Amino acid sequence: MGAHLTRVHATEPKRRPPEAGTSRFGYRDYGKRALEILFILLSLPFVLPVVALAAMALWIEGGNPFYRQIRLGRYGARFSILKLRTMTRDADAVLETYLASDPELRREWDEKQKLRHDPRVTPIGAVLRSTSLDELPQLWNVLVGDMSLIGPRPMMPEQLPMYGNPTHYFALRPGVTGLWQISARNENRFSFRNEVDATYDQNLSVTSDIAIIFKTVGVMLRRTGY
């Protein structure tokens, strides 16, 4: 399930040279991925039973427990993201009916591509979202190289015009978690996400990534995701 060959050529940045004083074989290029793979392998005995139980609950609720969607990855490569399904099977039709009946919600969707109170989310899906457990299957995307454990929030192709300059986004693999997810996930303006991605990219280090991992656990325990 690797990245497809389709690219977003118009805005795709070239690979940046190593920054001054930074080894070409430093954390950004090799250590980050090695740390993330080690973390995933160590966590699999805990993660797999959780995913299996959640998938069984979703199957009983009705429908395929897994969901795929095209996202933009490093350098603009498209890939299929894997998540636990949190919405009804007729989600697109429900959304259109809902937005057509409420101009305020239409504005919220047009600006953020997300609704704070989404009518498509199922009861089990709401629990998975609030605990961020619906993101766990993306660890597969990390293992095959589509994503990082820590990085920018994965972007859909149609969101690119709203994002602005994606230089920092395309310089990194999108993450299962990241600086936006632990600090300001209620702020969905794409310009703000761009700023957060720039901050993460410019300050990327092993200590910042470890701090994000621990803070992500706190977000999951507090059930502040959506």
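Select Asp 134 and Lys 83 in this predicted model. The two side chains form a salt bridge, with the closest N and O atoms 3.7 Å apart. Asp 134 sits in the loop between helix 4 (123-130) and helix 5, and Lys 83 belongs to strand 2, so the salt bridge ties together parts that are 51 residues apart in sequence. Are these two residues buried or exposed? Both Asp 134 and Lys 83 are buried.

**Whole chain**

Now zoom out and colour by secondary structure. The chain has ten helices and four strands. Read from the N terminus, the order of elements is α-β-β-α-α-α-α-β-α-α-β-α-α-α. Of the 226 residues, 47% are buried. If you draw a surface, the chain exposes about 12,000 Å², and carbon and sulfur atoms supply 62% of that area. A contact map is also worth a look: among contacts between residues at least 6 apart in sequence, 72% join residues at least 24 apart.

**The hairpin**

Select strand 1 (residues 66-72) together with strand 2. The two strands run antiparallel and are joined by seven bridges. They form a hairpin with five residues between them. Which residue of strand 2 stands opposite Leu 72? It is Arg 78. In the turn, pick Tyr 75 and check its backbone: phi is positive, about 60°.

**The largest nonpolar core**

In soluble globular proteins, nonpolar side chains tend to be buried together. To see the case here, show Leu 139, Met 147, Leu 149, Ile 150, Val 176 and Tyr 200 as sticks. Within the largest nonpolar core, which has 20 residues, these six touch the most other members. Several elements each supply at least two residues of this core: helix 1 (27-61), strand 2 (78-84), helix 5 (138-143), strand 3 (148-150) and helix 10 (206-222). Helix 1 gives the largest share, four residues.

Centre on Leu 149 next. What does Leu 149 touch, not counting residues up to four places away in sequence? Its contacts are Glu 36, Phe 39, Leu 139, Val 142, Gly 175, Val 176, Thr 177 and Ile 213. A second core, separate from this one, has seven residues, among them Leu 72, Met 155, Tyr 169 and Phe 190. Leu 72 is thus also the residue seen opposite Arg 78 in the hairpin.

**Ser 148**

Step back to Ser 148, which is in strand 3. With a relative accessibility of 5%, Ser 148 counts as buried. Leaving aside neighbours within four places in sequence, Ser 148 is in contact with Lys 32, Glu 36, Val 142, Arg 173, Pro 174, Gly 175 and Val 176. Of these contacts, Glu 36, Val 142, Gly 175 and Val 176 are also listed for Leu 149.

**Other salt bridges**

Show the charged side chains. How many salt bridges are there? The count comes to seven.

Select Arg 28 and Asp 201. Their side chains meet in a salt bridge, 2.8 Å from N to O. Arg 28 is in helix 1 and Asp 201 is in helix 9 (residues 190-202), so-called distant parts of the chain, 173 residues apart. The two ends are covered to unlike degrees: Arg 28 is partly exposed because its relative accessible area is 26%, whereas Asp 201 is buried, at 1%.

Then go to Arg 106 and Glu 96. This pair also forms a salt bridge, and the closest N and O atoms are 3.5 Å apart. Arg 106 lies in helix 3 (residues 103-112) and Glu 96 in helix 2 (residues 91-100), ten residues apart. Arg 106 counts as partly exposed, at 26% relative accessibility. Glu 96 is partly exposed too, at 45%.

Finish the charged groups with Lys 32, Glu 36 and Asp 209. Salt bridges that share partners join these three into one network. Lys 32 and Glu 36 are both in contact with Ser 148.

**A nonpolar surface patch**

Turn the surface back on and select Leu 41, Trp 140, Leu 143 and Val 144. These residues form a nonpolar patch on the surface, and their accessible area together is about 330 Å². Leu 41 is in helix 1, the helix that gives the largest share of the 20-residue core. Is Leu 41 itself buried or partly exposed? At 49% relative accessibility, Leu 41 counts as partly exposed.

Note on methods: Residues numbered from 1 in each chain as written. Predicted model: local features only at pLDDT ≥ 70, side-chain atom pairs only at ≥ 80, totals over all residues. Heavy atoms only, no water. Core = buried A, V, L, I, M, F, W, Y, C linked by side-chain atoms within 4.5 Å. Buried < 20%, exposed > 50% of the residue type's maximum accessible area, 1.4 Å probe, protein only. Contact = heavy atoms within 4.5 Å. Areas by Shrake-Rupley, 256 points an atom, 1.4 Å probe, with all protein chains shown as cover. Pairing = 2+ DSSP bridges. Patch = residues over 30% accessible without salt bridge, like charges linked within 9 Å, V, L, I, M, F, W, Y side chains within 5 Å. Salt bridge = Lys/Arg side-chain N within 4 Å of Asp/Glu carboxyl O.
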